[in-house]
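Visitor: I would like a close look at one part of this model, with the criteria behind each term spelled out as we go.

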Amino acid sequence: MDSKNLNVRAIENGTVIDHIPSDALFKIINILELEKEMNQITLGSNFESKRMGSKAIIKIANRYCADDEINKIAIVAPMACVNTIKDYRVVEKRNVEVPEAIEGFVRCANPACITNHEKITTKFLVRKKNNELNLRCRYCEKTTTQDNMVLLK
């Protein structure tokens, strides 16, 4: 190993999430509840990226992401790629796709919205504008941008 480079070991089976914007790393950790994960996890942030400037990466041994988790990842990291690893090989490479609608994991930015005062599941239509995602609340029609997006547990 070169003393100027850090080698990150490959995983035998599991998931590698790549091309995460560095500022979205901890949002994905929260979405996947990785603080509860008992398998080996490798996290890296602020790596150089020709495509993004800087990026983050997550490797999770012996765990595969469900479709609803991938949809949630797409909301906070629409450029991410989810790789399924089996026997040290990438068997599936999946660019996340932003869903048309989401429910129950983002808080409405409108303090007066009914979802912030009653036990009602949030529902948003997803719109892409100038390469940024905007969420339009189905109840109050307020737009929540990526910058003011708050994830619910």
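Where is the place of T15, and what surrounds the residue there?

Guide: This is a predicted model, in which local features need pLDDT of at least 70 and side-chain atom pairs count only at pLDDT 80 or more, while totals for chains, interfaces and linings use all residues. Residues are numbered from 1 along each chain as its sequence is written, and side-chain values use heavy atoms, with hydrogens and water left out.

T15 has its place in strand 1, where helices (H or I, at least four residues) and strands (E, at least two) are DSSP runs numbered from the N terminus. T15 counts as buried because its relative accessibility is 0%; buried means under 20% relative accessible area, exposed over 50%, and partly exposed in between, with a 1.4 Å probe and protein chains only. Leaving aside neighbours within four places in sequence, T15 is in contact (heavy atoms within 4.5 Å) with I58, K59, I60, R63, Y64, C65, V82 and N83. With one of these, R63, there is also an approach to the backbone: the side chain of T15 reaches the backbone oxygen of R63 at 2.6 Å.

Two residues in that list lead on to further interactions. Over the face of Y64 lies K86, at 5.5 Å from the ring centre; a charge sits over a ring if NZ of Lys or CZ of Arg is within 6 Å of the ring centre and within 35 degrees of the ring normal. R63, for its part, is joined with E37 and E69 into one network by salt bridges that share partners, a salt bridge being a side-chain nitrogen of Lys or Arg within 4 Å of a carboxyl oxygen of Asp or Glu.

The structure holds six salt bridges, and one of them involves strand 1 itself: D18 pairs with K55, the closest N and O atoms being 3.0 Å apart. Because D18 lies in strand 1 (residues 14-21) and K55 in strand 3 (residues 53-61), this pair ties together parts that are 37 residues apart in sequence. Both D18 and K55 are buried.

Elsewhere, D67 forms a salt bridge with R94, with the closest N and O atoms 3.0 Å apart, and this pair links distant parts of the chain, since D67 is in helix 2 (residues 67-76) and R94 in strand 5 (residues 89-95), 27 residues apart. D67 is partly exposed, with a relative accessible area of 48%, and R94 also counts as partly exposed, at 28% relative accessibility.

How values were computed: Polar contact = N/O pair within 3.5 Å; in protein donor to acceptor, adjacent residues only side chain to side chain.
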